[in-house]
Amino acid sequence: MKAFIFDLDGVLVFTDQFHYEAWKELADQMGIYFDKEINNRLRGVSRAESLEIILERYGGPQLSRQKKAELMEQKNRSYRKLLAGMTPLDVSAEVRETLAGLREKGYKLALGSSSKNARFILERVALTGAFDAISDGNNITHSKPDPEVFVKAGEYLGVCPQECYVVEDARAGIDAAKAAGMKAVGIGEASGYEKADVKIGHFSELLELT
Ligand code: BG6
Ligand code: MG
């Protein structure tokens, strides 16, 4: 194995909680039921697909594309306000040390995130320099479970899919990694997913895979 590709939200930083809060605010305002279990289905999927999942419980009149775009914009504004409060302290010492340890061992590291806010988040928490390549929501046309974001990350690194581990907290992300022909490591929510090749409880366990 030559490389590790990391999901961002819910793996390196806990912005998954911010996504939940921002969607919850919107759902409450529209009178739509939304809870943490529904939020788990939003992990790894794009902003537009997340909105569609939330609207499954919407009983009101058909929404135009324009209205949906406004709703996504509103959610993103609330989400970015929460992101703006992030600092380097929002990345644990365990995550920083593990990333540094993997690099020291000669592995290439990439980000593979569906988020269009990924670079902003990495800047806020001072992690941009930790990666050799960044593949995110701005360079893909299909989001997880489609393999595109990870295939691109592997290409940017110049490493074959079979030589890449993907570290994910989303079931959609594990499916995407498998579809890319990569080895899928499940953490957090995805550590209970049978399709993960490896399941870990703590981020530092990645060092034991090497
Ligand atoms: C993923 C999150 O990282 O990014 C999803 O797990 C989110 O929940 C997706 O919908 C898109 O994020 P953004 O920041 O582009 O709205
Ligand atoms: Mg995630």
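**Two domains and the ligand they share**

In the structure shown here, which is a predicted model, the centres of domain 1 and domain 2, taken over C-alpha atoms, are separated by 24 Å. Where the two domains touch, domain 1 gives 15 residues to the contact and domain 2 gives 13 residues. If you want to trace them along the chain, the domain assignment places domain 1 at 3–13 + 89–209, and domain 2 at 16–83.

Let me turn now to ligand 1, and begin with a question: which domains supply the shell around ligand 1? Both domain 1 and domain 2 do, for at least three residues of the shell come from each of them. In total, 15 residues surround ligand 1, and the closest are Asp9, Val45, Arg47, Ser115 and Lys116. Sorted by class, that shell holds 8 polar residues, 4 charged residues and 3 nonpolar residues.

Some of the individual distances are worth finding on the screen. In the side chain of Asp9, an N or O atom is 2.5 Å from an oxygen atom of ligand 1, while for the side chain of Arg47 the corresponding distance to an oxygen atom of the ligand is 2.7 Å. Asn117 also has a polar side-chain atom that lies 2.7 Å from an oxygen atom of ligand 1. As for how much of the ligand is covered, ligand 1 on its own has 390 Å² of accessible area, and the protein covers 97% of that. Finally, the space that ligand 1 takes up is the largest pocket.

Key:
Residues are numbered from 1 along each chain as its sequence is written. Chains are lettered from A and ligands numbered from 1 in the order in which they are written. This is a predicted model: local features need pLDDT of at least 70, side-chain atom pairs count only at pLDDT 80 or more; totals for chains, interfaces and linings use all residues. Side-chain values use heavy atoms; hydrogens and water are left out. A residue is near a molecule or strand if one of its heavy atoms lies within 4 Å of it. A polar contact is a pair of N or O atoms within 3.5 Å; within protein, one must be able to donate a hydrogen and the other to accept it, and residues adjacent in sequence count only if both atoms are side-chain atoms. Accessible areas come from the Shrake-Rupley method with a 1.4 Å probe; for residues, only the protein chains shown count as cover. On a 1 Å grid over the protein atoms alone, a cavity is a set of points where a 1.4 Å probe fits but cannot get out, and a pocket is an open set with protein on both sides within 12 Å along at least five of seven lines; lining residues have an atom within 4 Å of a point. A molecule sits in a cavity or pocket if more than half of its atoms lie within 2 Å of its grid points. Ala, Val, Leu, Ile, Met, Phe, Trp, Tyr, Cys and Pro count as nonpolar, Asp, Glu, Lys and Arg as charged, and the others, Gly among them, as polar. Domain bounds come from an automatic or database domain assignment. Contact means heavy atoms within 4.5 Å.
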